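User: Hi! Could you help me look at a protein structure? I'm new to this.
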Amino acid sequence: MPLHKLSGLILLFITFGFSNAFAQYADLPITIEVEYNDEGEPTFYAKNESFTPYTVSLDFSSVSNAMPPNPNPYKKTVRFGRTKVLEIEKSGMADSYVRFSYTYSYNIGCMDTEPDELEYLLPVGKGKATEIFGLSHIGEMFDKETPDDFYALGFRAEAGDTVYASRGGTITDIEVDHDDSETENYFTSNYNYVQIVHEDCTFGSYSHLKKDGILVEVGDDIVAGDPIGIVASKEDEAEIGFRFTLAYKNDDYRSGSDDKYWNYSVPLFRTSVEKSAKLKPDHMYRAVHPVDIITQEMGWFERRRWKKRNR
């Protein structure tokens, strides 16, 4: 989902008695599985069926024959696949299984995210020039409170231009079905987009793309400079462009509070004339796709393989 669309916090109440292995199965991205060892001690696993990382929270209301986990709620970041979250050991000479009641919840994003200080590619074709236009938060239109750190960039383009990934990562979400005409309003929620999670658990969102013009699929691993979508057209050709935001989970957010969900980050870009440039509205920049930026997060073997493929 785009960064401004926050899914509701899902909360399930679960009470366990005796069992060797069991799970809550549902059509949810995160499920919890609990396995007992021969001593009657439970281990909790989170199974993430999506490519989006989540912070999982286990909140215990009661624990018998063992001490509750510390801290309680107990939180952990869970990526795709099965992740061990927590073990509970019996206390003292208890000879019975550990019993417990708890709830679990999850939110998009990782705990303790610290954005990496690195350079991004301009998300347009190599050698292409683009003008930057500033974007404001939708709350400003309705005199609502807006995040102090909100930051988004608009890139001018031509209809049919290709949008390229500014940084490598994994595709976590896409939208492809909205008509191009809906991009006439930059504040509409009906637009096509690609969302990418990066290695540091920041999320890059590329919005206002052409209907059926998404060039990637959820789960794809991409590198900086890979094509990801096509720019949508508009009636006024001078207004054609797309939006880019970079954000990460706010650890202070609590469900139902007035806290913002996302912290916004200001990316620095490599341009044809400058390194680590902070882009300014109403300025023109020309894109370069240098190898050192494309491969900056790759390991030795991955970098060697990429260079071999792209000779």
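Analyst: Sure, let's talk through the overall make-up and then some aromatic rings. Keep in mind that this is a predicted model.

User: Okay, how many helices and strands are there in the chain?
Analyst: The chain has two helices and 21 strands.

User: And how much of the chain is buried?
Analyst: Of its 311 residues, 49% are buried. The chain exposes about 15,800 Å², and 45% of that area comes from carbon and sulfur atoms.

User: What about contacts between residues at least 6 apart in sequence?
Analyst: Among those contacts, 68% join residues that are at least 24 apart.

User: Let's switch to the rings. How many aromatic pairs are there?
Analyst: The count comes to 21 aromatic pairs. One of them is Phe-60 with Phe-100, an edge-to-face pair with 6.3 Å centre to centre and 75° between the planes.

User: Why does that pair tie together parts that are apart in sequence?
Analyst: Phe-60 belongs to strand E5 (residues 54-64) and Phe-100 to strand E8 (residues 99-108), so their pairing links parts that are 40 residues apart in sequence.

User: Are Phe-60 and Phe-100 buried or exposed?
Analyst: Both Phe-60 and Phe-100 are buried. They also belong to one aromatic cluster, together with Tyr-36, Phe-44, Tyr-97 and Tyr-102.

User: Cool! New topic: which ring does the charged end of Arg-82 sit over?
Analyst: That would be the ring of Tyr-45, with the charged end of Arg-82 lying 3.8 Å from the ring centre.

User: And what about Arg-156?
Analyst: The charged end of Arg-156 sits over the ring of Phe-133, 3.8 Å from its centre.

How values were computed: Residues numbered from 1 in each chain as written. Predicted model: local features only at pLDDT ≥ 70, side-chain atom pairs only at ≥ 80, totals over all residues. Heavy atoms only, no water. Helix = DSSP H or I, 4+ residues; strand = E, 2+ residues; numbered from the N terminus. Buried < 20%, exposed > 50% of the residue type's maximum accessible area, 1.4 Å probe, protein only. Contact = heavy atoms within 4.5 Å. Areas by Shrake-Rupley, 256 points an atom, 1.4 Å probe, with all protein chains shown as cover. Phe/Tyr/Trp six-rings, centres within 6.5 Å; stacked < 30°, edge-to-face > 60°. Lys NZ or Arg CZ within 6 Å of the ring centre and 35° of its normal.
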